[in-house]
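Student: Hey, I've just opened this one and don't know where to start. Can you walk me through it?
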Amino acid sequence: MQTRLTLTSNELTDLVVQVRASFTYENLLRGFDAYKQHAVNYFQITEKSLILARVKMPEFYDIQLDLDFLSISTCTCSDGGFCEHMAAVFFAVYQQHRQSPDRFIHECATVIKELETAQDMQAAKARKAQEKQTLEKLLQEQKLQAPLTRSAGSNRPVKEASQVRKNTVQVPSLETDNVEAWHQYFQSMYEQEEVPHGQGRDEDELIRILCKPMALWETTLRQLFETHVRLFVLLKLEESYQKIDESESFLYYMYESHLRHSFYECFEELEELIANIKFKKMTDDYRKIIEATERFLEQKFYHKSFELIDTFALYTIFWTDLLGVEPFRKHEMDRLDLALQKPREQNRDFIIHARAFHDWLEGQDEAATERLQDVEKLYVPHILQQLGHLYEKDEWSRLYHWLRWLFPYIQSQDHEEIEEYFFFWSETNKVRPLEDEFLQTMATLLPYSNKEYYAEYLLENGHYKRWVDLQMMTDELPIYLDTYDLKKVESANPAYLLPLYHQAIEQCILEKNRDAYESAVTMLKKLKQLYKQLNQLNKWEAYIAYTVKKYSRLRSFQEELKRGKVVS
């Protein structure tokens, strides 16, 4: 049975369409989590358009995904239907084709948000139509009763329904209002019934409403005001996220996805907004707002625990641009130094990271890494983000310094962080002659490092023997490897593949089942071809004679040898 590891473009497109139409969002999320935890042991694609795979979660499950008719796909679990194990296999296949599972999930969340928004808009329209109908009926009844109704014992007319106005929030129309007044306005508007907020609502509409007062303001002041609008919205999204009831399983995943998507979108827009604020001249008004912003962040964010809000990420985007001007940066470094002198500072790790970040901004990498030695837990994702800035600016010497320093910490990180770390290593290796150190780093971190990335690098750069050693170390069977990769190694030197096939054949025989024996026979045939290419058939004859004798008591194996015409 010939197998492969990749789909055609048409097969992949059809599979994506069927997955979106068939799986529940909850099972896609669970499958995505399983894929991220490397639950998919292996998969292969057969000539009959089947994806055969095995998943461990924690028990083993065997999956068959039918590419032509996904509805007849099967899994050995008891869930039935399109389960999370099938979803995990889909994401593994999807990623194999250099597609982004994260983006796929993000798009699914966007679709759900659009559906929720459409439903909310439809419900709001229906409610407004009903209210309008009721009001028109009331006015009609009043006109029929009397042209003007007076209250008992009074000559003053009672106001008609059309004259009654709701209490309105005072809009801060002056550009001189302080930051505290801005947030009082935000909270007052947020508490009004007509302002959308909470689960399943449109945060973009909330931002639009809160930004109305600044329409005619000067550009820089508008940007500062909107910055605080988005900080306010981030806090409200965090509040909503913490109120989600996990007992409502389906709704929990739906709301969580919506709020996460809204939060990340708002955070990214905040980062872009801050980066674009430019001061033509630092006026006293701007200085007061910046100082108030610094105090607001300190009070509302830096000393609190959140589930969505990443306080250190927030700190870095503000101090990289908006707050990172003199004399504010010097005052901040002095404040941090003073805080670190306190022996029982509760937020010590955060303060050390913040102080090291300022060292990094000034190009003092040695000082930054020396400070970070004192933390109890290193913020590795944030360090990698800083490395990304160095990469974008082609600061290879600084990047190399951080890569070497970060090496002892990277092993315990998630797959994504390790992948990013090796990406920076590979890019640095292209500029500087560091291949031996680069390969040693990747090999040392196995199995935590990205085996596929490492294997691809070895093949592309002609390290064929190391590639075979890697496959043997991870107990890969040649029948599950990409045939193109095997042919590439075989073309270089067929002898490289001999130990790989010998080990794999022995593994399959020791499994002692008919399927494994069939796989062993398939690999034995290939092994004979390799020996023939090397003009070493005498070694093949000796090996097969020894194998037949060694496993002479395995009757099923002997039958498969004869059926496969390996022996007569």
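Tutor: Sure. One term before the strands: two strands pair if DSSP finds at least two bridges between them. Also, keep in mind that this is a predicted model.

Student: OK, so how do β3 and β4 pair?
Tutor: Strand β3 (residues 50-56) and strand β4 (residues 60-66) run antiparallel, with seven bridges. They make a hairpin, with three residues between them.

Student: Which residue is the bridge partner of alanine 53?
Tutor: That's isoleucine 63, in β4.

Student: And what about β4 and β5, how many bridges there?
Tutor: Two, again antiparallel, and β5 covers residues 74-75. Glutamine 64 has threonine 74 in β5 as its bridge partner.

Student: Switching topic: which residues touch the most other members in the largest nonpolar core?
Tutor: Phe301, Leu314, Phe318 and Trp467, out of 131 residues in that core. Helix α7 (residues 219-242) contributes the most to it, with 11 residues.

Student: What does phenylalanine 318 touch?
Tutor: Leaving out residues up to four places away in sequence, its contacts include Thr227, Leu231, Leu270 and Ile274. There's also a second, separate core of 41 residues, with Tyr35 and Val89 among them.

Student: Where is confidence lowest, and where is it highest, among the helices here?
Tutor: The low point is helix α4 (residues 101-145), with a mean pLDDT of 62, and the high point is helix α13 (residues 365-372), at 96. Over residues 146-169 the pLDDT is below 50, and that stretch has 21 contacts in the model beyond near neighbours in sequence.

Student: And what's the average for the protein?
Tutor: A pLDDT of 83, and 83% of the residues score at least 70.

Methods. Residues are numbered from 1 along each chain as its sequence is written. This is a predicted model: local features need pLDDT of at least 70, side-chain atom pairs count only at pLDDT 80 or more; totals for chains, interfaces and linings use all residues. Side-chain values use heavy atoms; hydrogens and water are left out. pLDDT is the predictor's confidence in each residue, from 0 to 100. Helices (H or I, at least four residues) and strands (E, at least two) are DSSP runs, numbered from the N terminus. Contact means heavy atoms within 4.5 Å. A nonpolar core is a set of buried Ala, Val, Leu, Ile, Met, Phe, Trp, Tyr and Cys residues joined through side-chain atoms within 4.5 Å. Buried means under 20% relative accessible area, exposed over 50%, partly exposed in between (1.4 Å probe, protein chains only).
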